[in-house]
Amino acid sequence: MFGGGSCFFTPNTTKGSCRTDALDVWALAKRNGYSTFESRAAFDALKSTAKLPTVGLFTPSHMAYEIDRNPSLEPSLAEMTVKALEILSEKTKRSRQGFFIMIEGARIDMAAHDNDPAAHLRDIVQYWETVAAVRRFVDRNSDTAMIGTSDHETGGLSLGVSPEYLWHPKYLKPVKKSAEVICDELKKVAASDRDGFIRTTVIPSYLGVSNVTDADVASVLGAAATGSAACKIAVGHVVSRLARVGWSTYGHSGVDVGLYAHGRGTEKLRGTYESTQVGAFLREYLQVDLEPVTKRLSKQLTEQPGFEWARVPPSIITRRDVGKHGAGSAAGDAYHAQLDSYHPHHWHGSHSH
């Protein structure tokens with residue numbers, strides 16, 4: 001396993017831990033025979049004959065956005081994928097069992113939650129490079145298949161916002177930092193100095209926008225005063241407005257997502273499918289029995305810190321309720337609060353859906 005999130009592997013008695021208990025998962029992994037490491041140098045030193053299982057964690061929290069990634073500290077998604085394929089291929093070359101690998105471009109989703117078009121694009125391009133690497137592997141190994149899909153779209157992205165039916169990708173190219181990193185920097189700037197910092201550094205240097213307007217400065221300044229989530233969205237919208245990139249939400253949308261497949265037997269996935277049918281295809285392709293583990297998991301309760309709504313009986317308020325009573329009514333306010341609760345760390349504030 002390669003990625004970030006080392007703070008979830010250390011007990012809550014350790015500085016910087018993200019756990020709510022005293023379990024030392026890192027030590028537990030070592031006691032159970034896992035090979036562990038936490039540096040780019042150790043990753044680069046891994047050979048195809050590396051001991052399995054192995055866990056490499058490069059950051060305390062999420063891996064950096066591709067636009068912010070320091071190659072000397074963090075490998076790219078494509079690099080981690082190639083390394084994993086080399087190791088797994090070596091370990092199974094004399095086995096009929098083969099292997100399964102899951103690769104996630106997770107920060108594509110997070111950039112869309114922030115309505116950050118430049119960070120979103122760079123991580124999508126990195127995902128394309130990863131897919132290309134996997135396709136090359138599949139082409140060299142005829143008994144292998146690759147499936148690429150998503151559990152949802154995020155942000156309700158559109159191109160060519162009115163009044164022009166065109167968009168301007170040139171405004172995404174000069175952006176140097178993600179809205180996340182920019183807003184983290186803004187937190188450290190004294191409130192009295194933020195206007196000047198936004199006007200002279202954030203917009204012209206970090207975002208590459210030469211025409212700095214008072215409206216854009218005021219938007220970012222006001223949002224930064226209310227919190228990180230609002231700040232990130234305001235920063236992203238400066239670039240989105242110029243590029244004519246539209247967003248309909250800070251959350252997930254209900255549109256169909258792409259389903260791509262390559263390799264032996266994947267012609268069965270042509271067309272439109274329910275997400276559960278993709279799982280059924282994998283079950284049959286890998287010839288695995290999921291019933292025992294499904295029954296076991298159905299008896300387990302998993303709680304995610306911050307998602308309080310998951311611990312209480314659901315009380316679903318529909319758009320129909322809002323239509324009856326109005327968006328400013330108690331039903332309307334409750335409906336939007338309900339939506340916000342699904343992503344409590346992404347956005348807090350007054351906004352429309």
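Asp 216 and Arg 241 are joined by a salt bridge in which the closest N and O atoms are 2.5 Å apart, where a salt bridge is a side-chain nitrogen of Lys or Arg within 4 Å of a carboxyl oxygen of Asp or Glu. Because Asp 216 lies in helix H8 (residues 214-226) and Arg 241 in helix H9, this pair ties together parts that are 25 residues apart in sequence. The helices (H or I, at least four residues) and strands (E, at least two) named here are DSSP runs, numbered from the N terminus. Asp 216 is buried, with a relative accessible area of 8%, whereas Arg 241, with a relative accessible area of 39%, is partly exposed. In these descriptions, buried means under 20% relative accessible area, exposed means over 50%, and partly exposed lies in between (1.4 Å probe, protein chains only).

The model is a predicted one, in which local features need pLDDT of at least 70 and side-chain atom pairs count only at pLDDT 80 or more, while totals for chains, interfaces and linings use all residues. Residues are numbered from 1 along each chain as its sequence is written, and side-chain values use heavy atoms, with hydrogens and water left out.

A search of the whole structure finds 14 salt bridges, and another of them brings together the side chains of Asp 44 and Arg 40 at 2.9 Å, N to O. These two residues are four residues apart in helix H2 (residues 40-45), and are therefore separated by about one helical turn. Asp 44 counts as partly exposed at 42% relative accessibility, while Arg 40 is buried, with a relative accessible area of 13%. A further salt bridge links Arg 283 with Glu 284, whose closest N and O atoms are 3.9 Å apart. Here Arg 283 counts as partly exposed at 36% relative accessibility, and Glu 284 is exposed, with a relative accessible area of 55%. Elsewhere, salt bridges that share partners join Arg 40, Asp 44, Glu 66, Arg 69 and Glu 79 into one network.

We turn next to the covalent links between cysteines. A disulfide is a covalent bond between the sulfur atoms of two cysteines, and it is recognised here as a pair of cysteine sulfur atoms within 2.5 Å. The structure holds two disulfides, and they follow the pattern 1-2, 3-4 when bonded cysteines are counted along the chain. Cys 7 and Cys 18 form one disulfide, with their sulfur atoms 2.0 Å apart, and this link is left-handed, with -95° about the S-S bond. Because both Cys 7 and Cys 18 lie in the loop between strand E1 (2-3) and helix H1 (25-31), the pair ties together parts that are eleven residues apart in sequence. Cys 7 is buried, with a relative accessible area of 3%, but Cys 18 is partly exposed, with a relative accessible area of 34%.

A disulfide also joins Cys 183 to Cys 231, with a distance from S to S of 2.1 Å. The torsion about its S-S bond is about -90°, so the disulfide of Cys 183 and Cys 231 is left-handed. Since Cys 183 lies in helix H6 (residues 179-187) and Cys 231 in helix H9 (residues 228-243), this pair ties together parts that are 48 residues apart in sequence. Cys 183 is buried, with a relative accessible area of 2%, and Cys 231 is buried with a relative accessible area of 2%.

Thr 92 lies in helix H3 (residues 77-92) and is buried, with a relative accessible area of 18%. The side chain of Thr 92 reaches the backbone oxygen of Leu 88 at 2.7 Å. When residues up to four places away in sequence are not counted, Thr 92 touches Gly 98 and Phe 99, contact being defined as heavy atoms within 4.5 Å.

Finally, Gly 265 is found in the loop between strand E7 (259-263) and H10, and at 17% relative accessibility it counts as buried. The C-alpha atoms of Gly 265 and Phe 281 are separated by 9.8 Å, although these residues are 16 residues apart along the chain. Helix H10 (residues 275-286) contains Leu 286, which is partly exposed, with a relative accessible area of 36%.

Technical notes
A polar contact is a pair of N or O atoms within 3.5 Å; within protein, one must be able to donate a hydrogen and the other to accept it, and residues adjacent in sequence count only if both atoms are side-chain atoms.
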